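Biologist: Please take me closely through one part of this model, strand pairing first, and then set the other local features beside it. I would like a single connected account.

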Amino acid sequence: MKENPIIYYGGDYNPEQWDEQTMEEDMRLFEEAGITIVTLNVFSWALLQPSEDTYDFTTLDRIVDTVTKHGLSICMATSTAAHPAWMARKYPDILRTEFNGMKRKYGSRHNSCPNSPNFRRLSRNLAGALAEHYKDQKNIVAWHISNEYGGACYCENCERAFRIWLKEKYKTLDALNKAWGTNFWSHTFYDWDEIVAPNLLSEHIDETTTDFQGISLDYARFNSDSILQNCVDERDAIREVLPDAAVTTNMMYYFKDLDYQKWAKELDFTSWDSYPRYYTKPASVALWHDVMRSLRHGQPFWLMEQTPSVTNWQPVNRIRRPGEMRLWSYQAVAHGADSVMFFQMRRSAAASEKYHGAVIDHVGTNQTRVFREVKALGGELQKLGNQTTGARTPAKVAILFDWNNWWAVEYSSGPNDRLRYTEEVHRYYEALFEQNVSVDLVDVYADLSAYQLVIAPTLYMVKPGVDEALKTFVKNGGELIVSFFSGIVDENDHVTLGGYPGKLRDLLGIWVEEIDAVPEEAPNAFTYQGETYPATLLCDLLHAETAEVHATYRDDFYSGMPAITCNHYGKGKAWYVATASDHAFYQQFLKDRIEECSIAPVLDTPKGVEAALRESEKGTFLFLLNHNKTEETVLLPHGGLDLLTDCSYAPQSSLTLPAKGVAILKK
Ligand code: GLA
Ligand code: ZN
């Protein structure tokens, strides 16, 4: 995929909701705001295809012509995220069956059964027809397949497809019965057709409580694969016509349904839609930017959507305060985004998103606070040009992040319902984020050789070969941190027998004998480097075999048992943190590890001021982001030129950022 020539600036544009005159006015306002790209055709299937035998590109042609005439680039969507009503009537199999077994009628969006042969045929054909129709349209710089894929279907087509998927995976029923452990609760399957979709009608009590983890886990994989196949169908239809098309689909925040690591391999670049709540911590959005960047090994991603002002779908839709949109936009860029895009360009007048913010509001003019902020940012991005595009984030720390593990940890019946995989990841990430340490969030099979510190929070599921990879990493001098409830099961959610943490036992030099769930109101505690911290959620009761003990539990019958251990292994060290603790602990513990590994934080900044780095042959760019409501002063040991203000800073000088302020220093 080619590097973006600029930081694309624009977003979802739906002029099919407007008349021609409005579109002309939009063009004028876009130019004023420095808009350079529009995402077209996200939800136009019903307009494009009034009946099975007719495609009608008239409206879209008119839109494409207008935006082209005005020099805009196009991100062309395929419109398949909401099917037309006639299609649902003609082919009811395209309608999904919900988790509770309810067969849907026509309505809403993101509503197609991924395994419906009719949906697959019609969506693929549409994507192909669009590619054919617009194959000479030179300003289409990206193809946007569907929109925010997700959810699941439990219909009979899906059930049949699931059986085929299982046959391909296990070959024999015997192997499947073994993998799922079906001798438990008399579940032995003698015929593939006895297998039904795991939902509320069968194995489940609710979305995450299943009576049979093996089948639920495989269904999660199957569902992600099924929907991915829809995306691949469309991608291939486009590529048949346009072999060099840059294809993406817009992903979502902390989205569990789809194994994005598997998905990203099928895309040319990743993109995602960021909608932080008013109370969302900057660290938590940064984490997801880093996931998105890491999906394709550090390749820049697109911020495909964010609101310029307000959403309509949260319980409390607080408007973004002055400066916040700009700050969050630059945070995306700081973490690897090469676009800043909005949902949407003009606010709808009807239906469910009419109170969702847009660049152009219902008043229709440039006389709004939001327009002025969008325009100001547009001016800055124009000034930045292509300086930061293509630049990479140099990270020496990796956190392992795995969708299969996410599913398995949260399907697990016991030991503590409050255990959330992403929270465990977040604890470690946030402490690094606050110390301005660059982090990649990589899959368990990633090449770890470039990292000095690898963190595996709650690596409950150890997939084949992962233990070996971690051993090699540590043996060669790397430092590893593993946290509680790790090494418990294999890829089928089968316990690795012979003592926890299973295949990680000799690497960590410990044996976990019991696991105690800690009630919220009665935490245990441990002392690390002279400070006492709470031990919450789970406490692994472990014996150090070859590991050194760095902290022990304070209370209860297991007082004195290890809470933190470190095992010397080859040239490296493998730490085990046997419980969850508070923020102060992670800050101290990770500060010590960072120092020990001689990893240099990007910069020392006041609390609430984020520093992130991107590098390329065009330069080294230091992003400073003040998330505070107060002005902050940052000392710049190396100085640099602020690309936003053209102020030059000498080494050892200091820079004052206003509340919510941003600086981008080029070294
Ligand atoms: C999502 C969708 C958009 C729109 C926005 C509103 O990101 O992709 O179509 O509904 O949410 O926030
Ligand atoms: Zn289905």
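**A strand and its partners**

Modeller: In this predicted model, V512 faces L542, a residue of β18, as its opposite number. That pair belongs to the antiparallel run of strand β16, residues 510-517, against strand β18, residues 531-544, where 7 bridges join the two. β18 also pairs with strand β17, residues 524-528, again in the antiparallel sense and over 5 bridges, and here A525 stands opposite P534 of β18. Strands β17 and β18 form a hairpin with 2 residues between them, and in this hairpin Q529 takes a positive phi near 45°. A further antiparallel partner of β18 is β22, residues 579-580, to which 2 bridges join it; in that pairing C539 has T579 of β22 as its bridge partner. As background to these pairings, strands of a sheet pair through backbone hydrogen bonds, in either a parallel or an antiparallel sense.

A separate description can be given of an open sheet of 5 strands, whose order is β23-β24-β29-β26-β27 and whose pairing is antiparallel. Its edge strands are β23 (609-616) and β27 (648-649), each of which pairs on one side only. At the β27 end, strand β26, residues 640-642, runs antiparallel to β27 and is joined to it by 2 bridges, with L641 placed opposite S648 of β27.

Turning from strands to ligands, the zinc ion (ligand 2) is coordinated by the SG atoms of C113, C153, C155 and C158, at 2.2 to 2.3 Å. The arrangement counts as tetrahedral because the 4 donor atoms subtend angles of 100 to 117° around the zinc ion, and for comparison the ideal angle for four tetrahedral donors is 109.5 degrees. Along the chain these donors follow the spacing C-x39-C-x1-C-x2-C. The pair C113 and C153 links distant parts of the chain, 40 residues apart: C113 sits in the loop between α4 (85-90) and α5 (117-133), while C153 sits in the loop between β4 (140-144) and α6 (156-170).

That loop between β4 and α6 is also the place of E148, which has a positive phi of about 40° although it is not a glycine. E148 is moreover one of the residues around ligand 1, and the shell also includes F43, R109, N147, N250, D273, Y275, E305, W313, F343, E353 and H356. By class, this shell divides into 4 nonpolar, 3 polar and 5 charged residues. Several polar approaches to the ligand can be given with distances: a side-chain N or O atom of N147 lies 2.8 Å from an oxygen atom of ligand 1, a side-chain N or O atom of W313 is 2.6 Å from an oxygen atom of ligand 1, and for H356 a polar side-chain atom is 2.7 Å from an oxygen atom of ligand 1. Of the 300 Å² that ligand 1 exposes when taken alone, the protein buries 96%.

Lastly, two cis peptide bonds deserve a look in the backbone. One joins G414 and P415, with omega about 0°, and P415 is found in the loop between α13 (403-411) and α14 (421-434). The other runs from Y500 to P501, with omega near -5°, and P501 has its place in the loop between β15 (479-483) and α16 (505-508).

Technical notes
Residues numbered from 1 in each chain as written. Chains lettered and ligands numbered in written order. Predicted model: local features only at pLDDT ≥ 70, side-chain atom pairs only at ≥ 80, totals over all residues. Heavy atoms only, no water. Near = heavy atom within 4 Å. Polar contact = N/O pair within 3.5 Å; in protein donor to acceptor, adjacent residues only side chain to side chain. Areas by Shrake-Rupley, 256 points an atom, 1.4 Å probe, with all protein chains shown as cover. Nonpolar A, V, L, I, M, F, W, Y, C, P; charged D, E, K, R; others polar. Pairing = 2+ DSSP bridges. Helix = DSSP H or I, 4+ residues; strand = E, 2+ residues; numbered from the N terminus. Donors = N, O, S within 2.8 Å, 3.2 Å for Na, K, Ca; no water. Tetrahedral: all angles 85-135°; square planar, octahedral: opposite > 155°, others 65-115°.
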